[in-house]
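Please walk through this structure with me, beginning with how far the coordinates can be trusted and ending at the surface.

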Amino acid sequence: MHRRTKFSFFSSPSLILLLVVVIFVIKMAESVPSTADSSKSVQIVYTEKPQDEEPEAYHIRTLTSVLGSEDAAKEALIYSYKTAASGFSAKLSPEQVEQISKLPGVLQVVPSKTVQLHTGPGIGRLH
């Protein structure tokens, strides 16, 4: 006589495979940058030194005039330069770069770059 076993969907290999696929899709979706930020890049905005205002407040005010709100400006602001130069770095779209570069007090807007220092034989070694 052949004995039948009860089929359980929760122990089925197909359910385990389905769960693995769902988890994979969720993780992939989390790693894709949002389309709103995909056109934005980090820019360094050099400004005149503010006279009667704290540098960071001036930088946020400058960003606010382009981004529309102080919250958006604070979110876009990466760093405020106050010592050797006056300016800030922020994530901006090409359109925002164009707008901010036309503002009074803005001297120059340049893309931020990360550079790799190279040393080796004949070049001189850094210790």
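**A guided reading of the model**

Glu-70 has a relative accessible area of 45% and is therefore partly exposed. Its salt-bridge partner is Lys-74, with the closest N and O atoms 3.1 Å apart, and Lys-74, at 46% relative accessibility, likewise counts as partly exposed. Both residues lie in helix 4 (residues 70–76), and because they are four residues apart there, about one helical turn separates them.

Before going further, it should be said that this is a predicted model, so the confidence values deserve a look. The mean pLDDT of the protein chain is 81, and 68% of its residues reach 70 or more. Among the elements, helix 5 has the highest mean pLDDT, 96, whereas helix 2 (residues 35–38) has the lowest, 58. Where pLDDT is low, the predicted coordinates should not be read in detail.

The overall architecture comes next. The secondary structure of the protein chain consists of five helices and four strands, and these follow one another along the sequence in the pattern α-α-β-α-α-β-β-α-β. Of the contacts with a separation of 6 or more, 66% are between residues 24 or more positions apart. Of the 127 residues in the protein chain, 26% count as buried.

Turning to the interior, the largest nonpolar core has 15 residues, and those with the most contacts inside it are Val-45, Leu-63, Leu-67, Phe-88, Leu-92, Ile-100 and Val-109. Helix 3, helix 4, strand 3, helix 5 (94–101) and strand 4 (106–111) each give two or more residues to this core, and helix 3 gives the most, with four residues. Leu-92 can serve as a vantage point here: leaving aside residues up to four places away in sequence, Leu-92 touches Val-45, Leu-63, Leu-67, Val-97 and Ile-100, and also Ser-39, Lys-40, Ser-41 and Gln-43.

How many salt bridges does the model contain? The count comes to four, and the pair in helix 4 described above, Glu-70 with Lys-74, is one for which the closest N and O atoms are 3.1 Å apart. Another joins the side chains of Glu-53 and Arg-61, with 2.8 Å from N to O. Glu-53 has a relative accessibility of 29% and so counts as partly exposed, and Arg-61, at 47%, also counts as partly exposed.

A further salt bridge is formed by Glu-56 and Lys-82, whose closest N and O atoms are 3.7 Å apart. This pair links distant parts of the chain, since Glu-56 belongs to helix 3 (residues 55–67) while Lys-82 sits in the loop between strand 2 (77–81) and strand 3 (87–92), 26 residues apart. Glu-56 is partly exposed at 35% relative accessibility, and Lys-82 is partly exposed as well, with a relative accessible area of 42%.

The last stop is the outside of the molecule. The accessible surface of the protein chain comes to about 10300 Å², and 59% of that surface belongs to carbon and sulfur atoms. Which residues make the nonpolar surface patch of about 270 Å²? The patch is made by Val-42, Ile-78 and Tyr-79. Of these, Ile-78 has its place in strand 2, and because its relative accessibility is 48%, Ile-78 counts as partly exposed.

Note on methods. Residues are numbered from 1 along each chain as its sequence is written. This is a predicted model: local features need pLDDT of at least 70, side-chain atom pairs count only at pLDDT 80 or more; totals for chains, interfaces and linings use all residues. Side-chain values use heavy atoms; hydrogens and water are left out. Buried means under 20% relative accessible area, exposed over 50%, partly exposed in between (1.4 Å probe, protein chains only). A nonpolar core is a set of buried Ala, Val, Leu, Ile, Met, Phe, Trp, Tyr and Cys residues joined through side-chain atoms within 4.5 Å. Contact means heavy atoms within 4.5 Å. Accessible areas come from the Shrake-Rupley method with a 1.4 Å probe; for residues, only the protein chains shown count as cover. pLDDT is the predictor's confidence in each residue, from 0 to 100. Patches are made of residues with over 30% relative accessible area and no salt bridge: like charges are joined within 9 Å, nonpolar side chains (Val, Leu, Ile, Met, Phe, Trp, Tyr) within 5 Å.
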